Amino acid sequence: MINRVVLTAVTMVLFIVGCNSSSDEEMVEESVEEPMAMGDAWQELGSDQWRRYQGDSLPEAWHVMEDGTIHFTGEGEGGDIVTIQQYDNFELDLEWKVSPGGNSGIMFRVSEGHDAPWRTGPEYQILDNQAHPDALEGTDRHAGANYDMHAPSMDVVHPAGEWNHAKIVVDGANVEHWLNGEMIVSYELWSDAWNDLIAASKWIDMPTYGMEKTGHICLQDHSDPVWFRNIRIRSIPASDA
């Protein structure tokens, strides 16, 4: 009788220990995360990450909608806005749409040492290709272009009033413009080809244009309503190329 009791007790103890051990292993397994690779940490650029160029807060004309969309209304005091933080090598990912006949832009490596962000920051063009007069000036002013410098290789922009997905990759001197899943512009800053284009552009008398190694991201007030949403950025390691 005693042996049966002892055997039963031992069996119950082993069963309980086995269950706890299995449970602990499951808990440990669930808590393990893959290490984050360098360049994989996305930063959301919500409304609290922006301010007026050379200012402290968002201008009146820039509204933050309930879903977090940043909307330039064109009503009230405006002005270009920039990120609080500065970036050197990065991948910027966002969605944008523009009003019919509208114009705007995204600039990068912007310095606040001048009276306007476009004196230093190359611009990813935002445009209604069908209705804005700039579209008639040349394809280097079409949506997705490196404004007044490099034309997009294809026209994949969605019509005014519809959302577009944009990506800008900046790796040292190498820059890529993406639009709706297609890489449409690629160029090398400070190269002979870059200098030749500068000499034939509106930037010829602006020696600081495109020369900064780090700077702010800028969203442009070009007087026309424009919307930006799902804005995020991550730093990337500079390549050796």
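## Strand β6 and its partners

In this predicted model, strand β6 pairs with strand β9 (residues 164–171). The pairing is antiparallel and runs over seven bridges. Within it, D93 stands opposite K167 of β9.

β6 also pairs with strand β13 (residues 226–235). This pairing is antiparallel too, with eight bridges. Here E91 has R234 of β13 as its bridge partner.

## Burial of β6

Strand β6 spans residues 90–98. Nine of its nine residues are buried, so the rest of the structure largely encloses the strand.

In a regular strand, side chains alternate between the two faces of the sheet. Both faces of β6 are covered. On one side, F90, L92, L94, W96 and V98 are buried. On the other side, E91, D93, E95 and K97 are buried as well.

## Nonpolar cores

The largest nonpolar core has 42 residues. L92, W96, I106, I217, F228 and I231 have the most contacts inside it. β6 gives the most to this core, with five residues. A second, separate core has five residues, among them Y53, M107, V110 and C218.

What does I231 touch, leaving aside its neighbours within four places in sequence? I231 is in contact with L92, D93 and L94. Its other contacts are Q43, E44, L45, W50, I70 and L219.

## An exposed loop residue

P207 lies in the loop between α2 (192–199) and β12 (216–219). P207 counts as exposed because its relative accessibility is 69%, and the cut-off is over 50%. Along the chain, P207 and T120 are 87 residues apart. Their C-alpha atoms are separated by 8.6 Å.

Methods:
Residues are numbered from 1 along each chain as its sequence is written. This is a predicted model: local features need pLDDT of at least 70, side-chain atom pairs count only at pLDDT 80 or more; totals for chains, interfaces and linings use all residues. Side-chain values use heavy atoms; hydrogens and water are left out. Helices (H or I, at least four residues) and strands (E, at least two) are DSSP runs, numbered from the N terminus. Buried means under 20% relative accessible area, exposed over 50%, partly exposed in between (1.4 Å probe, protein chains only). Two strands pair if DSSP finds at least two bridges between them. A nonpolar core is a set of buried Ala, Val, Leu, Ile, Met, Phe, Trp, Tyr and Cys residues joined through side-chain atoms within 4.5 Å. Contact means heavy atoms within 4.5 Å.
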